[in-house]
Amino acid sequence: MAQMQTISIRIPDADFHWLLARQEPGACTPSEKLRALLAGVRQQESGLTDPDACATWLRGLEQPFADAVASLERKQGKHSDLIGTVAELLPQIMATLISSRPDDEQAAHAIEAILARQCYRLFAALLRTAVTSTPSAYDKGVHAPYLTDIIELANIISTTQGKEPNHG
């Protein structure tokens, strides 16, 4: 066990009550809760350069949302593929952005390729949620306002593919 140091701090009542009410696994006292918070911040900082650790951390932040949606879906008997898809794939995209530190053109190319793969996977998955006449969604018309523009863009891409030089 690491050597412990004693510190004394003064904090506002609101922060103290927040700390007391905070649920930290294995932490009951204010001191234990502060140690757990410090350990969490250290883990968060160390994960900022590791995409997998960062994605795990982001999924942890997202978990209360996922739990609330799952509970609502059980109660309502409905499911949203759009919400499920975004909740599944967005943390990995964010982890790539947060953990990447391109320092040369080769690194920038590699990150661009990773982000392109992740974003187009998300985009394709979202489009798949809109292909049936009765999409799995809370609002069956949730996709409608966006499909016209997407179809127009797809048609433009289709007609210009291979005709224009790549300016990237």
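**Notebook: a look at an all-helix chain**

I started with Leu 20, which counts as partly exposed because its relative accessibility is 37% (buried is under 20%, exposed over 50%, partly exposed in between, with a 1.4 Å probe and protein chains only). Leu 20 sits in helix α1, residues 13-21.

A note on what I'm using: this is a predicted model, where local features need pLDDT of at least 70, side-chain atom pairs count only at pLDDT 80 or more, and totals for chains, interfaces and linings use all residues. Residues are numbered from 1 along each chain as its sequence is written, and side-chain values use heavy atoms, leaving out hydrogens and water.

Next I looked up the secondary structure and found six helices and zero strands (DSSP runs: H or I of at least four residues for helices, E of at least two for strands, numbered from the N terminus).

Then I went for the largest nonpolar core, meaning buried Ala, Val, Leu, Ile, Met, Phe, Trp, Tyr and Cys residues joined through side-chain atoms within 4.5 Å. It has six residues: Leu 89, Ile 93, Ile 111, Leu 115, Leu 122 and Ala 125. Helices α4 (81-99) and α5 (105-128) each give at least two of them, and α5 has the largest share with four.

I checked Leu 89 too: leaving aside residues up to four places away in sequence, Leu 89 touches Arg 121, Leu 122 and Ala 125 (contact is heavy atoms within 4.5 Å).

Last, the whole chain: buried residues make up 18% of its 168 residues. I also noted that its C-alpha trace spans about 70 × 50 × 30 Å along the principal axes.
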